[in-house]
Amino acid sequence: MAQINPYLTFNGNCEEAFTYYKSVFGGEFRVFSRFKDMPGTGIPDSGKDKMLHVSLPISNETILMGSDNNPAMGDVPMGKNVSLSVNADSKDEADRIFQMLAEGGHITMPIANTFWGAYFGMMIDGNGAKNSW
């Protein structure tokens, strides 16, 4: 069964926001990585210390996740900075859900194995919602 979690994108203040969320909800970060941790980034020096990915468990079923927008891409407008992260039980299930949601939408990153060990992809689904795996 797939699990869905909120994913927030920030314009440079992700670490500050997640430090605050941690003070509110408690817990420990599961992942706390920066753009400089990504191989072959092409990220300008000014953005290398920004957050590539952070995750904070809120409950047994919910993980709040986030990142800073890639500085080379410009700012993310408010209202377009929230997406859903879908975690599937298998690659087959991930492929099935990804392909169905992508129909009529726009794939921004094809689903594939990544350097951080996840099977991951991103898209705007056929209904206009932003999703990632």
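Which residue forms a salt bridge with Glu15, and how far apart are the closest N and O atoms? I began my notebook with this pair.

**Entry 1: the model and its confidence**

I note at the outset that this is a predicted model. I looked up the confidence for the protein and found a mean pLDDT of 87, with 95% of the residues reaching 70 or more. Helix H1 has the highest confidence, at a mean of 95, whereas strand E8 (residues 130-132) has the lowest, at 64. Where pLDDT is low, the predicted coordinates should not be read in detail. I therefore do not interpret strand E8, whose mean is 64, in detail.

**Entry 2: salt bridges**

I returned to my opening question and found that the partner of Glu15 is Arg34, with the closest N and O atoms 3.0 Å apart. Glu15 belongs to helix H1 (residues 14-25) and Arg34 to strand E2 (residues 31-34), so this salt bridge ties together parts that are 19 residues apart in sequence. I then compared the surroundings of the two partners. Glu15 is partly exposed, at a relative accessible area of 34%, while Arg34 is buried, at 17%. Arg34 counts as buried because its 17% falls under the 20% cut-off.

I next asked how many salt bridges there are in total, and the count is three. One of them joins the side chains of Lys22 and Glu28, at 3.2 Å from N to O. Here Lys22 is partly exposed, with a relative accessible area of 26%, and Glu28 is exposed, at 56%.

Lys36 and Asp49 also form a salt bridge, and their closest N and O atoms are 2.9 Å apart. Both residues lie in the loop between E2 and strand E3 (51-57), so the pair ties together parts that are 13 residues apart in sequence. Asp49 is partly exposed, at 48% relative accessibility.

**Entry 3: two residues of strand E3**

I looked up His53 and located it in strand E3. Its side chain is joined to that of Tyr7 by a polar contact of 3.0 Å. Residues up to four places away in sequence being left out, His53 touches Tyr7, Val31, Phe32, Ser33, Met65, Gly66 and Ser67.

Ser55 is in strand E3 as well. Is Ser55 buried or exposed? I found that Ser55 is buried, with a relative accessible area of 4%. Apart from neighbours within four places in sequence, its contacts are Glu28, Phe29, Arg30, Val31, Ile63, Leu64 and Met65.

**Entry 4: the nonpolar cores**

In soluble globular proteins, nonpolar side chains tend to be buried together. With this in mind, I searched for the cores. Which residues make up the largest nonpolar core? The nine residues are Leu8, Phe10, Cys14, Ala17, Phe18, Met51, Val54, Leu56 and Leu64. Strand E1 (3-10), H1 and E3 each supply at least two residues of this core.

I examined Phe18 among these residues. Phe18 is buried, with a relative accessible area of 0%. When residues up to four places away in sequence are not counted, Phe18 touches Phe10, Phe29, Val54, Leu56, Leu64, Met65 and Gly66.

I also recorded a second, separate core of five residues, which includes Ala94, Ala102, Ile111 and Met123. Met123 is placed in strand E7 (residues 119-124) and is buried, at 1% relative accessibility. I compared its position with that of Leu101: the two are 22 residues apart in sequence, and their C-alpha atoms are 8.4 Å apart in space.

**Entry 5: aromatic rings**

A pair of aromatic rings is described by the distance of the centres and the angle of the planes. I found four aromatic pairs. In the pair of Phe18 and Tyr21, the ring centres are 5.3 Å apart and the planes stand at 75°, so the pair is edge-to-face. Phe18 and Tyr21 are three residues apart in helix H1, which means that about one helical turn separates them. I noted further that ring pairs link Phe10, Phe18, Tyr20 and Tyr21 into a cluster.

**Entry 6: a loop residue**

Finally, I looked up Thr114, which lies in the loop between strand E6 (106-113) and E7. Thr114 is buried, at 15% relative accessibility. It touches Met109 and Phe120, residues up to four places away in sequence not being counted.

Key:
Residues numbered from 1 in each chain as written. Predicted model: local features only at pLDDT ≥ 70, side-chain atom pairs only at ≥ 80, totals over all residues. Heavy atoms only, no water. Salt bridge = Lys/Arg side-chain N within 4 Å of Asp/Glu carboxyl O. Helix = DSSP H or I, 4+ residues; strand = E, 2+ residues; numbered from the N terminus. Buried < 20%, exposed > 50% of the residue type's maximum accessible area, 1.4 Å probe, protein only. Polar contact = N/O pair within 3.5 Å; in protein donor to acceptor, adjacent residues only side chain to side chain. Contact = heavy atoms within 4.5 Å. Core = buried A, V, L, I, M, F, W, Y, C linked by side-chain atoms within 4.5 Å. pLDDT = per-residue confidence, 0-100. Phe/Tyr/Trp six-rings, centres within 6.5 Å; stacked < 30°, edge-to-face > 60°.
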